[in-house]
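Please look through the structure shown here, moving from its overall build to a few places where the backbone calls for a second look.

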Amino acid sequence: MSLPERLENAAEALPGDADQIRPANGDPLQLLVNLDVAAAGRVLAWMMSNAPDEAGELALAWLEDPVGLQVISAIDETDLPKAGRKVVRKLHHAARSRGLKMAVAAEHQGKVARLPDLDQEISAGYVSPLDPRGSRLVYLVESSPGGGARVFEALLDPIRGLADFQVYRAGRRQVRDFVKDVTTRRGGYAAAEAEPGAVRALVTRTVARHPSDRPLPKSFAEWRRNLAQSDSSILTPGESVRVELNEGTLPGGAESQIVQAIRDRELGPWPPEPALLEGVLKAAQDKADETPESDPVQWKVWMEEGLLPLYTKEAAEAYAERFDESAYVYWRGALEEKARGCLAIADVLRKNEAQENPVVQALVGVVAEALTQDLEKRLGAQAPEGEGGD
């Protein structure tokens, strides 16, 4: 039988996913777009068990798509018949020959919550990468006693605490669309799946560190009990990847990868609080006023000297935590070398050895460059008419 015919068989066998399967008209890549990760896994598992030849055709088309690679890596061949297991082994060989790291994803991703079928209880968690400010969105999805589901969305920051909190109620199909959106359609900020308990542990730790001079979001009080994690043995996502990878041994070349990620604005720069930045900028401005012959190159040096203590010493733990949590997202994306690099830099920060580290210097350098541009504008605005501003 052809692949479209087999997919029609899958739609009949999986009625909960049929409305997403049929509109693809047998196109493997369109099918991957239509399905969320959990549904794609169900379809591929059914195909592996009932139509292994067509399953191999489908999976090969999915192999070089990051979402498809995630789906294929999660297939447990122990539950498959012999023909299906043979297809899985062929896929692993094809991935290796193309330089894809499917084996890493399969070995380390572990079994985490997927959005269940319509007649099952929902319990799922997701965490986004950190944004340039150092905050990240996390999501918990759970069944609602009145039917449908609830989505908890929290904006977390190890320094600013719980910066925002929202609760959404929706039907289960709407939640499927929401999960697909946050995990596949947000470019570099697509969320990674995480154990619900790990997400709760992260929320609980962040709330415990929330600054005393900033009130918690009003909407959080009603739902605090739902978000609390009382079991202190439950690890956050960043702590769990540290256990999985046996701490952070810095691989050769990983440090330069992390530095480049910072320079490319993929990671960091996680600047200090605005009031602290203003202090650094004002100090450099005073020096520039006292040293008329100075230039932007010198101003940037002054900025870096003022910024470095704000990334180390008392602030080191918050930055180390950000690298740990970034490691989790890299690991879930099968980027193990970058994940290990982030864990290793977190260790450097916790040992107070970051002053000369190229990664920390890269973070400082990006912020110093922006502050230097601000100083140029300030000094240009202050120059008498006919002077400066060139």
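**Charges, overall build and backbone details**

In this predicted model, the protein carries 46 positive and 62 negative charges, and the mean positions of these two sets are 6 Å apart. The accessible surface comes to about 18,600 Å², and carbon and sulfur atoms account for 50% of that area.

The chain is built from 18 helices and five strands, and its C-alpha trace spans about 80 × 50 × 45 Å along the principal axes. Of the 390 residues in the protein, 50% are buried. When contacts are restricted to residues at least 6 apart in sequence, 69% of them join residues at least 24 apart.

With that frame in place, the backbone can be followed into the loop between α13 (254-263) and α14 (274-290), where Pro269 lies. The peptide bond that leads from Gly268 to Pro269 is cis, with omega near 0°. Trp270 is placed in the loop between α13 and α14 as well, and this residue, although not a glycine, has a positive phi of about 50°. Is Trp270 buried or exposed? Its relative accessibility is 0%, and Trp270 therefore counts as buried, the cut-off for that class being under 20%.

A positive phi also occurs at Asn25, a residue other than glycine, where the value is near 55°. Asn25 has its place in the loop between α2 (18-21) and α3 (28-34). Because its relative accessible area is 65%, Asn25 is classed as exposed, a term that applies over 50%.

Technical notes
Residues are numbered from 1 along each chain as its sequence is written. This is a predicted model: local features need pLDDT of at least 70, side-chain atom pairs count only at pLDDT 80 or more; totals for chains, interfaces and linings use all residues. Side-chain values use heavy atoms; hydrogens and water are left out. Helices (H or I, at least four residues) and strands (E, at least two) are DSSP runs, numbered from the N terminus. Buried means under 20% relative accessible area, exposed over 50%, partly exposed in between (1.4 Å probe, protein chains only). Contact means heavy atoms within 4.5 Å. Accessible areas come from the Shrake-Rupley method with a 1.4 Å probe; for residues, only the protein chains shown count as cover. Lys and Arg count as positive and Asp and Glu as negative; His and the chain ends are not counted. The place of a charge is taken as NZ of Lys, CZ of Arg, CG of Asp or CD of Glu.
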